[in-house]
Amino acid sequence: MKVMILAAGRGERLRPLTEATPKPLVEVAGQTLLGRHLNRLAGAGFTHAVINVSHLAQNITAHFGDGSRFGMRIDWSREAEPLETAGGIAQARTLLGPAPFLLLNADIWCDYDFSHLRGFALGKRLAHLVLVPNPPQHPAGDFSLARGVIGNAPSPRYTYAGIAVLSPLLVAAIATGQKAPLAPLWRAAAARGEVTGELYEGYWSDVGTPERLGALQARLKNP
């Protein structure tokens with residue numbers, strides 16, 4: 001199973017830090033966000049990553065190269081301007097191939113065991129999402145979850161963790177080079193009963209603002 005890591009965003013909420021340092025290269029406890037993902041993915045048995053880049057792309061590709069020092073192969077999907085989540089996946093479809101793949105946001109920090117999803121069988125479903133309890137900055141959540149099926153019910157709702165298994169068929173209607181988000185596609189598929197999910201209740205952080213970055217650094221310094 002391949003992995004696609006979404007790393008093309010500008011990191012607007014982390015400015016001014018991300019004006020010179022792309023968010024995937026932000027360091028926490030001596031590790032870059034993207035480097036930690038690659039180390040943990042390799043440890044979970046993944047060997048091939050597709051990573052999309054745009055903002056300060058040359059800094060990211062120069063830092064990680066072909067992935068061999070992680071025991072992985074990296075293929076880079078370059079975007080002149082960020083194409084959002086579904087657009088980025090559609091742009092990389094020739095690198096990803098026709099099989100389901102693990103999808104991972106570059107800007108999260110968690111202890112989720114990625115080996116649980118290696119070889120995950122979607123069957124006729126289009127996606128499997130990992131959800132987390134709603135953090136303070138996102139109290140309304142994203143999706144409902146009942147008996148392992150993702151839905152759009154008003155409650156109880158949970159937050160998408162930035163971890164999923166995805167069928168390329170989900171973005172089949174998105175043209176190469178088109179900007180498009182994933183959330184509307186997931187909601188439509190969920191309404192058809194085509195998305196499963198699970199709740200992860202271990203430590204998880206969306207490293208999206210200086211405050212959350214500082215909180216994560218403090219937690220890791222004083223566990």
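Author: Helices and strands here are DSSP runs, numbered from the N terminus. The model is predicted.

Reader: Where does L56 lie with respect to these elements?

Author: L56 belongs to the loop that joins strand 4 (48–53) to helix 3 (57–64).

Reader: How should backbone geometry be read, and what is the phi of L56?

Author: Most residues other than glycine have a negative phi, and most peptide bonds are trans. L56 is not a glycine, yet its phi is positive, at about 50 degrees.

Reader: What is the phi of E84, and in which element is E84 placed?

Author: E84, also a residue other than glycine, has a positive phi near 65 degrees. E84 is placed in helix 4, residues 84–91.

Reader: Is E84 buried, partly exposed or exposed?

Author: Buried means under 20% relative accessible area and exposed means over 50%. The value for E84 is 44%, so E84 is partly exposed.

Reader: Is the peptide bond from S155 to P156 cis or trans?

Author: That bond, from S155 to P156, is cis, and its omega is near -10 degrees. P156 itself sits in the loop between strand 10 (149–151) and strand 11 (157–166).

Reader: Which residues touch the most other members of the largest nonpolar core?

Author: The largest nonpolar core has 35 residues, and those touching the most other members are I5, L38, L41, I51, F64, F114 and I163. Leaving aside residues up to four places away in sequence, I5 touches L34, L38, L41, V50, I51, N52, L104 and A106. A second core, separate from this one, has 29 residues, among them L126, A127, L129 and L145.

How values were computed:
Residues numbered from 1 in each chain as written. Predicted model: local features only at pLDDT ≥ 70, side-chain atom pairs only at ≥ 80, totals over all residues. Heavy atoms only, no water. Core = buried A, V, L, I, M, F, W, Y, C linked by side-chain atoms within 4.5 Å. Buried < 20%, exposed > 50% of the residue type's maximum accessible area, 1.4 Å probe, protein only. Contact = heavy atoms within 4.5 Å. Helix = DSSP H or I, 4+ residues; strand = E, 2+ residues; numbered from the N terminus.
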